[in-house]
Amino acid sequence: MELQAVLMAAGGGSRMTDLTYNTPKPMLPVGNKPLMWYPLNLLERVGFEEVIVITTKEVQKMMSTDPKMKQEVKMKLDVVCIQEDGDMGTADALRYIQQKIKTDVLVVSCDLISDVALHEVVDLFRAHNATLAMLMSKAHEFTETVPGQKGKKKTAEQRDFVGVDQSGKRLLFMANEADLEDGLSVRKSILRKHPRMHIKTGLVDAHLYCLKKAVVDFLTENKSISSIRGELVPLLVRKQFSKTLSKQKMKDDSEDQTQKKNDELLISSRDESLLQLAQERSCWNDHHGDMSEAYHGGKLRCYVHIMDQGLCYRVNTLAAYIEANRLVSQLLSLRCSCMSLFFSFTINIAMNVQLKCLCSIQGSVICSNAVIGRGADLKYCLVGSGQRIEPEGEKRQNKQAEIKLGSEISVLNFFSIQ
Amino acid sequence: MIFFKEVILGFRYWVIASGWCFFRRNVNDRQDDIERAKTEGKELTKEEKQRLRKEKKQQKKNKEKKDEKASQGSEKEKKSGSLAAAAPQPPAKSTTVKTPSAVPAPAPVSVPSSLEAPAPVDKPSKTKAELKAERRARQEAERASKPGKKGEPGQQAASGKQKAPPSELQPVIKRLPEHIQVDNPDVLKKLAKKLERQQIPLRLDYGYKVSLFSHLHQYSRKAPLTQQLSIPSTVIHPAVVRLGLQYSQGIVAGSNARSVALLHAFKQVIRDYITPPNEELSRDLVNKLKPYISFLNQCRPLSASMGNAIKYVKKEISNISSQCKEEEAKSKLLNCIEWYIKEKIILAAKAIAESSIEKINNEDVILVYGCSSLVNHILFEAFEKGRKFRVIVVDSRPRLEGREALRRLVQRGISCTYVLISAVSYILPEVSKVFLGAHALLANGYVMSRVGTSQIALVARAFNVPVLVCCETYKFCERVQTDSFVSNELDDPDDLMVTRNGKTQLESWQEVPSLGLLNLVYDVTPPDFVDLVITELGMIPCTSVPVVLRVKNVDQ
């Protein structure tokens with residue numbers, strides 16, 4: 001077996017508490033499907049037959065009752081439940097399922113909505129025998145504003161600084177603005193090996209990682225690492241250029257220990273000598289202009305695939321959620337998925353929706369069992385399941401989208417209702 | 001044009017004459033063995049049966065030769081014309097194995113259409129029809145008399161040449177390999193069907209192909225085969241997928257590197273292999289390897305060295321006795337592979353280095369082309385033994401492999417000069433000898449190597465500089481080729497685009513209807529330009545390659 005897929009669906013959705021106080025994040029409806037359907041669909045399309053899903057008991061219950069999950073997901077889902085307390089990070093979760101992992105692993109987050117060609121990421125992982133391969137995307141501006149926020153106020157996003165080499169594939173540097181107190185400092189060893197580095201800040205991390213099995217074993221030894229994105233990935237990126245990897249120094253015990261730790265990551269396949277021989281005899285080098293061999297002799301390599309075009313959203317904020325709803329009908333109409341009704345290209349209506357006369361619906365997503373009252377004019381709204389929109393109701397002039405979830409009939413905002 | 005054909009014909013005569021004598025002698029010697037075997041009641045071995053059949057064929061031919069002396073004139077020209085096209089074609093290939101090296105295969109082949117095509121148009125059609133009818137009649141007769149005709153392609157080539165005497169019109173039953181018939185839609189359909197059966201995606205050709213090379217595949221590096229495979233690849237072993245990717249992206253390039261990487265992948269496959277119930281390892285494993293080889297072929301056409309390595313592995317697998325337990329068999333196979341690499345690649349390189357050091361003198365100026373792992377190895381060894389020489393590295397676009405050779409040589413401390421191939425006639429007066437690497441050595445003594453090698457050899461001959469080709473014997477191929485057109489490899493044409501100062505001139509080359517980009521990979525150097533071939537069996541002239549091949553076949 002080449003790769004095992006792991007879906008991390010235990011996240012809390014801490015940045016969209018308005019929505020997640022009732023429904024857990026993986027089961028939030030996006031375009032009439034639960035959020036975790038999208039990464040599962042991506043994996044299924046590409047050819048995976050089994051996925052290990054790490055989630056909470058609540059989500060597991062909801063999954064088993066949701067018809068969509070049962071019908072449309074044909075893969076075998078191996079659900080692993082963890083505690084709801086929220087202390088477990090993604091790396092802790094990987095450590096938890098270490099026994100199930102027999103080969104290299106592809107970690108996906110449940111909030112990824114994307115139509116990426118996964119082979120691009122996995123090809124980097126395979127061809128260069130990389131330890132880590134990840135997916136990033138150029139960030140798109142969110143066009144619509146978030147209801148409940150006045151004006152286009154940008155939240156203070158913590159930027160990610162990502163350094164890639166000339167070809168745009170090799171990952172040289174990764175740091176979050178929060179960790180850089182004094183400023184961005186780049187090690188000389190990196191610059192000596194890669195004199196031209198492109199540092200990008202406008203990238204969205206898709207939280208899709210291909211990791212070697214040795215990394216999972218490494219995690220079991222180093223119990224202090226708890227988050228893949230926050231700690232493991234920057235550590236691996238730094239380790240590419242770590243001195244102890246390139247030179248064999250066994251001075252004292254402390255050196256010994258770090259050496260051992262590093263060696264674990266470098267657990268190589270059998271017949272490493274043959275691979276070495278092949279590389280020696282091959283007339284290929286990944287860089288030109290200096291005297292070192294391919295990959296500068298480094299065994300640990302991290303690669304990134306940066307998507308220019310195509311859809312890649314992480315639904316972890318309200319704005320992202322709205323945007324995703326809007327675009328998801330585009331995403332789904334590209335494939336032949338069975339949607340119950342389509343009035344126009346950009347709306348999305350589920351089963352059992354009652355539409356009274358004189359309605360005008362545009363750019364909206366309407367979940368199942370909703371009732372749209374007489375004469376309603378919905379533009380870019382998201383109507384939750386079981387909601388009712390009463391006609392001749394309140395007239396609010398705010399230009400915001402409406403979001404209704406749960407069983408209350410509370411209305412946040414209307415665009416225009418007659 | 002006609003003069004050229006006559007020259008070729010003359011050459012064929014000479015080759016046939018020498019070959020014939022040798023063949024006759026062989027037959028006479030072995031006749032005794034066959035008689036002995038028959039009387040002793042033992043079953044004739046495969047080789048003896050082959051020899052018997054060939055003998056009968058020869059006797060038949062002699063008879064027919066006398067019959068057909070009448071219709072010499074027109075047939076001579078026709079035959080020469082057809083042979084000029086037929087000779088460069090590699091002799092009979094089996095359908096199952098797509099490797100360019102010859103495998104003794106049952107050859108119920110039909111006369112290829114190309115045999116009739118090159119016939120001069122002004123020939124009266126009456127002769128053609130006559131010949132066709134005769135050919136068919138003879139074919140029927142032969143088929144009736146000899147069931148299961150098996151012939152070594154080498155012998156068949158020889159017998160093909162023996163048909164050159166104008167009076168002969170033996171049915172030249174040769175099959176063109178599929179990889180050089182890309183412009184034939186039937187062949188493509190067959191290939192598609194075969195790949196579908198093996199569950200391997202078909203890789204589509206890309207871009208406009210120059211008409212002279214439209215019979216070859218041309219793929220784009222941006223459309224890898226993995227696009228159409230499922231991601232945790234189940235049909236193809238992950239080591240083979242990785243290898244295919246590395247081939248198509250050029251990460252593993254060079255004849256030796258590709259063979260070593262291939263054998264490494266095969267080792268993984270063998271390790272992970274589990275014999276299904278009711279199956280024998282010796283047969284099932286070979287069948288398992290077939291789709292992998294097709295996959296690798298789709299990623300990048302196999303090299304001659306890879307073909308020979310595959311042949312060896314398949315032979316070893318089929319030689320596993322059925323009594324062997326699985327673990328034992330697997331470890332035996334792994335050892336065989338390791339032995340092959342050790343002996344044919346590593347030790348061979350060592351032996352070649354030792355013999356070449358005698359040819360390198362102090363104060364020599366050595367010219368090398370591109371990055372040949374063997375030539376580099378020789379230079380490293382010579383430098384370490386204390387010879388004082390300097391190297392001129394000649395490079396060519398688009399691969400610019402010379403940069404890598406330059407880096408390796410300079411890293412060892414050898415003083416180098418670097419030029420592009422356009423300056424080779426400028427730099428040659430300084431050069432004392434030329435060392436070239438080879439991708440394969442063909443059975444007629446031609447050297448197949450990176451495109452540009454024949455140019456270097458030609459200019460060196462013009463300047464009277466000795467050209468030495470270094471090649472291990474496992475790269476010797478039983479194919480015969482006299483030009484670089486018939487069988488070659490077309491690389492991605494987009495590699496020829498270069499961006500300078502932010503501008504790429506050839507960016508929209510596909511939109512210009514009269515423009516075609518050609519990125520050839522190999523070319524063929526005639527043996528007249530090569531002074532010496534250094535192999536681990538010794539230093540031989542180019543024309544002795546068939547002898548080595550024959551010795552190898554006898555050994556096996």
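Begin by selecting chain B and displaying its surface: chain B exposes about 25500 Å², and carbon and sulfur atoms supply 53% of that area. Please keep in mind throughout the tour that this is a predicted model.

**Stop 1: chain B as a whole**

Switch chain B to a cartoon view, in which 17 helices and twelve strands can be traced. Colouring by accessibility is instructive here, since buried residues make up 54% of the 556 residues in this chain. The contacts of chain B also repay attention: among those between residues at least 6 apart in sequence, 80% join residues at least 24 apart.

**Stop 2: salt bridges within chain B**

Select Glu489(B) and Arg300(B). These two residues form a salt bridge, with their closest N and O atoms 3.0 Å apart. Where in the chain do Glu489(B) and Arg300(B) lie? Glu489(B) is in the loop between strand 7 (467-470) and strand 8 (499-500) of chain B, while Arg300(B) is in the loop between helix 10 (281-299) and helix 11 (304-318) of chain B. The pair links distant parts of the chain, 189 residues apart. Is Glu489(B) buried or exposed? Glu489(B) has a relative accessibility of 7%, under the 20% cut-off, and therefore counts as buried. Arg300(B) likewise counts as buried, at 7% relative accessibility.

Next, select Arg221(B), Arg399(B), Glu401(B), Arg450(B), Asp491(B) and Asp495(B) together. Salt bridges link these residues in a network. Over all chains, the count of salt bridges comes to 31.

**Stop 3: two salt bridges in chain A**

Move to chain A and select Lys138(A) with Asp308(A). Their side chains meet in a salt bridge, at 2.9 Å from N to O. Lys138(A) belongs to strand 8 (residues 132-138) and Asp308(A) to the loop between strand 13 (302-307) and strand 14 (312-314) of chain A, so this pair ties together parts that are 170 residues apart in sequence. Lys138(A) has a relative accessible area of 36% and is partly exposed.

Now select Arg229(A) and Asp160(A), whose side chains meet in a salt bridge at 2.7 Å, N to O. Arg229(A) is found in helix 9 (residues 228-239) and Asp160(A) in strand 9 (residues 160-164) of chain A, so the pair ties together parts that are 69 residues apart in sequence. Arg229(A) counts as buried at 13% relative accessibility, and Asp160(A) is buried as well, with a relative accessible area of 15%.

**Stop 4: where the two chains meet**

Finally, display both chains and select the residues in contact between them. Chain A contributes 33 residues and chain B contributes 39 residues. The area buried between chain A and chain B is about 3300 Å², of which 59% comes from carbon and sulfur atoms. Which residues of chain A lose the most area to chain B? They are Arg126(A), Arg281(A) and Cys283(A), which together give 23% of what that side buries.

How many salt bridges cross the interface of chain A and chain B? The rule finds zero. There are, however, 16 residue pairs in polar contact between the two chains.

To place the chain A side in the fold, highlight helix 6 (118-127) and helix 12 (272-281) of chain A, the elements that give two or more residues to the side touching chain B. Helix 12 of chain A provides the largest share, seven residues. Colouring this side by residue type shows 15 nonpolar, nine polar and nine charged residues.

Note on methods. Residues are numbered from 1 along each chain as its sequence is written. Chains are lettered from A and ligands numbered from 1 in the order in which they are written. This is a predicted model: local features need pLDDT of at least 70, side-chain atom pairs count only at pLDDT 80 or more; totals for chains, interfaces and linings use all residues. Side-chain values use heavy atoms; hydrogens and water are left out. Contact means heavy atoms within 4.5 Å. Buried area is the accessible area (1.4 Å probe) that two parts lose on being put together, summed over both. A salt bridge is a side-chain nitrogen of Lys or Arg within 4 Å of a carboxyl oxygen of Asp or Glu. A polar contact is a pair of N or O atoms within 3.5 Å; within protein, one must be able to donate a hydrogen and the other to accept it, and residues adjacent in sequence count only if both atoms are side-chain atoms. Helices (H or I, at least four residues) and strands (E, at least two) are DSSP runs, numbered from the N terminus. Ala, Val, Leu, Ile, Met, Phe, Trp, Tyr, Cys and Pro count as nonpolar, Asp, Glu, Lys and Arg as charged, and the others, Gly among them, as polar. Buried means under 20% relative accessible area, exposed over 50%, partly exposed in between (1.4 Å probe, protein chains only). Accessible areas come from the Shrake-Rupley method with a 1.4 Å probe; for residues, only the protein chains shown count as cover.
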